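Trainee: Could you take a close look at one single part of this protein with me? I would like to see how one residue sits in its surroundings.

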Amino acid sequence: FSLPRLLIMLIAVIFALVGATSAVCPATYTQINGGDCFKLYTTQQTFDNAEAICVQDRGHLASVHSAQEQTALTAIMGATTPLIGMKCTDAVPSHCTWADGTAADYSNFPGGTPIIVYGSCVHLATTDQLWYSWNCASPIVGFLCRVPFNAPPVVACTGGYTAYNGGCAALKTTVRTQTDAEAVCALDGGHLASIHTDADNAFYQGLGTAAGLSNLFIGLAFNTAANSYKWVDATPYTYNKFANQFPNTVFGECVQMMLSTEFGTLGQWTNIPCSTPMAYVCWKASGETPVKAPAECPGIQFLYDQATIYSPNFPVSIPGSQSCEYVLATAVGTKASVSFPVFATDATSTLSLYYGLDETVARSTLSGTVNPDTVYESTTNVMKMVFKSSAAPTGAGWEANFVAVGGIDDGHTEPPFDPATGCPQQQYTADTYLYSPNWPEKYAPLADCLYYIHSPDERKMTIQFDYVDTEKNFDVVVVYDGPNNRSPILATVSGESNGVVQQFHSSGTSLTLEFFSDANNEGKGWIANVFNL
């Protein structure tokens, strides 16, 4: 051999060895004839339940494609007569189908044909290596699963999820409407489950039956615009398990799986109104649950006009002994409103709602579970939420939707934003928030804006600058201790706050702010919080 030819052969051998050592069978599976991996399960199952178990392993009920392959399988079959993945609808073997979608290119029936009168499924025999027809709905002891050699490992699932079909599935027993159920699945990183095979249906049916449920939501609903049924995860609608006389949108546009025989076979589907609360099943592609918030509170959080807020480490768990404060502010003339599409804590982990910064008695204290349709609305444009977790909390935590709504009837008429000057409105009533012009964008050059603040109950006020970013000594907020800009100067504020909060206290029931900026070097602006002492 020439040297180049020897090198080529050596490289080929190295690549072959690398490929051989990197390929693996799943744990407890055995490679057959240098090909795919097989496993014998010895529990008693119907065809659909057996296929669901194989799918959990990233495979299917076994297909068999040669006499050599079948002979090799006898080494792991023992004395069982296991189900395999074939189904036949007539006596022609080539018309049969495999659960894994491969070609029906080999069979070994007595006389060469399946006997459909005995059933459309198939099991093997150890005594004569022949294949025998079997009733798919009848349980049989033993079944063979086949998983591709070097298939990706089964996903590690956490947070109540279990591995299924390359991802993670979970049964959620807290009843919700279909919309709210999908929202919870989405927070976990997935969707309401879509079902595409008998094995899928059997798997989710098994979850519900084991929990003693009578029905559960799946991710199918009638889409009026498309005039057809669609899965919420946008996968193709190519399979259904509707009971007789269904689908029928007279009964509702969403779809439930029945876990009783009220409409016929266990696991069939019927229509139901989407607003009916019930248990549901989620599926997600990844084993990791996306974390929506840090595991620890980052100090007081200020939120403006609208936001989605999450408890620490949501939705994985609640860290112990946390104390978190959230200040929700809206424009003067509106109110802060919150609702909780998800709320799951132990009884001693609480979220308290205050309708103003100076309130010391909570208007509502929430724990355990909360109706997702309940809306909590402040009486002012500021709401404070304080979350305190117990030493050993349980539950996923909570999600809050915060929006500005309505208006406040406090006897004061608030002038609108002035487009000519670029300044916000001038008149304010404590408790309230003030913002630099054009917030949260940079303020404009040559600004000159006035803010008048009045205490409605004749109390003194505190003005607190939570954030400042202006050109130092050139773009300045002047605080006057009185009803106009001829009153005594209480403070001047400029530069960068760098996390330092500045507070100033009025001597009476009025404050005035004036903000000036020069022609150069605008900053982001500032936020001030005014509240009664």
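**A close look at L73**

Mentor: Happy to! L73 has a relative accessibility of 0%, so it counts as buried, the cut-off being under 20%. Keep in mind as we go that this is a predicted model. Now let's place the residue: L73 belongs to helix α3, which runs over residues 67-77. What does L73 touch, leaving aside residues up to four places away in sequence? Its contacts are I32, F38, V64 and L144.

The record helps with the setting. UniProt, in an unreviewed entry, puts the feature "domain: C-type lectin" at residues 33-136 and 164-283. In the span 33-136, helix makes up 20% and strand 25%, and its end C-alpha atoms are 29 Å apart.

Let's step back to the whole chain. Its secondary structure consists of five helices and 34 strands. The radius of gyration is 33 Å, well over the 24 Å that the globule rule gives for 533 residues, so the chain is more spread out than a compact globule. Along the principal axes, the C-alpha trace spans about 110 × 75 × 45 Å. As an example of distance within the chain, L73 and F302 lie 65 Å apart, C-alpha to C-alpha, with their positions 229 residues apart in sequence.

Back to burial: of the 533 residues in the chain, 47% are buried, and L73 is one that counts as buried. Finally, among contacts between residues at least 6 apart in sequence, 73% join residues at least 24 apart.

Note on methods
Residues numbered from 1 in each chain as written. Predicted model: local features only at pLDDT ≥ 70, side-chain atom pairs only at ≥ 80, totals over all residues. Heavy atoms only, no water. Helix = DSSP H or I, 4+ residues; strand = E, 2+ residues; numbered from the N terminus. Rg over C-alpha atoms; globule rule 2.2 N^0.38 Å. Buried < 20%, exposed > 50% of the residue type's maximum accessible area, 1.4 Å probe, protein only. Contact = heavy atoms within 4.5 Å. UniProt positions renumbered as here; feature names shortened; annotations may be inferred.
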